[in-house]
Amino acid sequence: MSQQTNDFTKWYIDTIQKADLMDYTPVRGCIAFKPDGYELWEHIQSEMDKRFKETGHRNAYFPMLIPESFFQKEKDHIEGFSPELPWVTEAAGEKLEERLALRPTSETMIGHLYSNWIKSYRDLPVLINQWANVFRWEKKTLPFIRTSEFLWQEGHTAHEDEEDARKETMQMLNIYKDVVENVLAIPVYDGQKTPSERFAGAVDTYSIEAMMKDGKAVQAGTSHYLGTKFAEAFNIKYLNRENKHVHVHTTSWGTSTRLIGSVIMVHGDEKGLVLPPKIAPTQVILIPVGPWKKNPAIIEKLDEIFKALKDKGIRVRLDDTDQSPGFKFNEWELKGVPVRIELGPRDLENNQAILKARDEDEKITISLDSVVEVVEKELQTMQKRLYDKAKAFRDANSHLHIDTLDQLKEHIENSEKNGTIPGWVLAGWCGDDVCEAKVKEETKFTSRNIPFNPPTTKHTCIHCGKEAKHTVWFGRAY
């Protein structure tokens, strides 16, 4: 049995350590991002940021420390976050008059400031995003996927009315879907969260859900319509066009460095990391083979290829260290580099090079005259291939014919017996929290979301058998 199937968590941790993406620190649940790990985040960040700015959003920065009294203003919010908050209680040797939380999210601080900044309908909409770190003191941690401190972006917007705010909520969810599917090559189901799973203090929460190779779900991005709840708590009022003081409607939305974990868990294989070309820190590795040190023409040619690829904006590296070719092949495969090009004396004589795509078994021979064109095409093809493979895997493990809790239990039992993954099930839900809680209690399957476009519609509740109000994805999740 492969390590991925046998012990997925161990495979995952081994993979990120061998790929040199992060290191543990003395602070529980807090990791150091090494350059390759951080560069993955930079590429995700730039793709997101570009789309945010195209839709009129601007970046700002808000303090990390939030007064305790701010949390008391929005009851649901403090209840949702209080177990996870680390507190600062003294500074400069003196006890603070009021405890300060390390931000778990910034709705409260931003709500306080928006109440000063927004006075009239002319000030709206406010479209602000922040790139920052946040803290949620997790009991169980896993690098990138769930850490006590993580990096993220959080958008916070204020609007004149519900219609405008809801439009914003959906626009941002669609941006997330676009980046995750087209940049990270991860297929997602977009939909609405059930009330028990929505963000603390939101009216409605929407999410994109991605399936990992162990069949578990990762919530890859969320967008929240907050109504006037935070506006009322923080007194964010404006003079409207009818000359009346009314509350703004707000939204918030976020994605985090758990996207890096998702990329690893969706695309990685037994040999290690497999990175989608669009975010790979190194897209192409050039490796001289055979007795190349005695033949300077090989390195000259590789230098020439290096320059030609770099001029096209391709992130390329040349490995001319004195390690054996086998060692180098293995090392760069572990790091997930999409394309490897080998060049030896015989290749040079025949005006050819050997190309190996990270996710394919076969090597192919390419002409030295067309290296740049072939590499560009291969990077595009691989990006699509990774998405298609991930989608085929997700679809094969999305079960549409389970209608009762007993069937679900039997399905889980059979999966455990056969060493397969239970994946997700699409089931009917009557809308009663009790039924949803019962599914979780008996199977550890939680509702992921109510998909906008379910593959089929369910008519009876998985637990009580009454008429279903919603068709819901259920699965185990990180």
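Here are some exercises with worked solutions on the predicted model shown above.

**Exercise 1: Domains**

Into which domains is the protein divided, and what distance separates the centres of domain 2 and domain 3?

*Solution.* Start with the bounds: domain 1 covers 4–267, domain 2 covers 284–380 and domain 3 covers 398–475. Next, take the centres over C-alpha atoms: those of domain 2 and domain 3 are 48 Å apart.

**Exercise 2: Walking across a sheet**

Find the order of the 11 strands in the open sheet, and work out which strands stand at its edges.

*Solution.* Step one is to write down the order, which is β3-β7-β8-β14-β11-β10-β9-β22-β23-β21-β20, with mixed pairing. Step two is to look at the ends: β3 (58–59) and β20 (398–399) each have a single partner strand, so one side of each has no neighbour in the sheet. As a reminder, strands of a sheet pair through backbone hydrogen bonds, either parallel or antiparallel.

**Exercise 3: From β8 to β10**

Follow the pairings from β8 through β14 and β11 to β10, and find a pair of facing residues for each.

*Solution.* Let's take the pairs in turn.

1. β8 (residues 149–159) and β14 (residues 249–256) are antiparallel, with eight bridges. Here Gly155 stands opposite Trp253 in β14.
2. β14 also pairs with β11 in the antiparallel sense, over five bridges. Tyr225 has Thr251 in β14 as its bridge partner.
3. β11 pairs with β10 (residues 204–211) in the antiparallel sense too, over eight bridges. Glu209 is matched with Gln219 in β11.

Now check the link between β10 and β11: they form a hairpin with five residues between the strands, and Gly215 has a positive phi near 85°. Finally, ask how covered β11 (residues 217–227) is: 10 of its 11 residues are buried.

**Exercise 4: A second hairpin**

How many bridges join β5 and β6, and how many residues lie between these strands?

*Solution.* β5 (residues 87–91) and β6 (residues 94–102) run antiparallel and are joined by four bridges. One matched pair is Trp87 with Ala101 in β6. Two residues lie between the strands of this hairpin, and Ala92 in the turn has a positive phi of about 50°.

**Exercise 5: The two sides of a helix**

Which residues of helix α14 are buried, and which exposed residues lie on the face turned away from them?

*Solution.* First, get to know the helix: α14 (residues 405–418) has 14 residues and reaches 20 Å from first to last C-alpha, close to the 20 Å expected at 1.5 Å a residue. Second, list the buried residues of α14: Leu405, Leu408, His411, Ile412 and Ser415. Because they cover an arc of only 120° around the axis, they sit on the same side of α14. The general pattern helps here: an α-helix has 3.6 residues a turn, so residues three or four places apart point the same way.

Third, look for the cover: β20, β21 (424–429) and α15 (433–443) are among the elements over the buried residues of α14. Fourth, turn to the face away from the buried side, where the exposed residues are Asp406, Lys417 and Asn418. Just after the helix comes Gly419, with a positive phi near 70°.

For practice with another helix, try α6 (residues 107–117): eight of its 11 residues are buried. Glu107, Met109 and Tyr114 are among them.

**Exercise 6: Counting disulfides**

How many disulfides are there, and why is Cys430 not bonded to Cys435?

*Solution.* A disulfide needs two cysteine sulfur atoms within 2.5 Å. The sulfur of Cys430 is 3.8 Å from its closest cysteine sulfur, in Cys435, so this pair is too far apart for a bond. Cys464 is in no disulfide either, as the nearest cysteine sulfur, that of Cys461, is 3.7 Å away. The count is therefore zero disulfides.

Burial can be compared as well: Cys430 is buried at 12% relative accessibility, whereas Cys464 is partly exposed at 33%.

**Exercise 7: The surroundings of Tyr38**

Where does Tyr38 lie, and which residues does Tyr38 touch?

*Solution.* Tyr38 lies in helix α3 (residues 35–54) and is partly exposed, with a relative accessible area of 32%. Leaving aside residues up to four places away in sequence, Tyr38 touches Phe33 and Leu151. Tyr38 and Leu21 are 17 residues apart in sequence, while their C-alpha atoms are 7.6 Å apart in space.

Key: Residues are numbered from 1 along each chain as its sequence is written. This is a predicted model: local features need pLDDT of at least 70, side-chain atom pairs count only at pLDDT 80 or more; totals for chains, interfaces and linings use all residues. Side-chain values use heavy atoms; hydrogens and water are left out. Two strands pair if DSSP finds at least two bridges between them. Buried means under 20% relative accessible area, exposed over 50%, partly exposed in between (1.4 Å probe, protein chains only). The expected span of a helix is 1.5 Å times one less than its number of residues. The arc is that of the directions from the helix axis to the C-beta atoms. Contact means heavy atoms within 4.5 Å. Domain bounds come from an automatic or database domain assignment.
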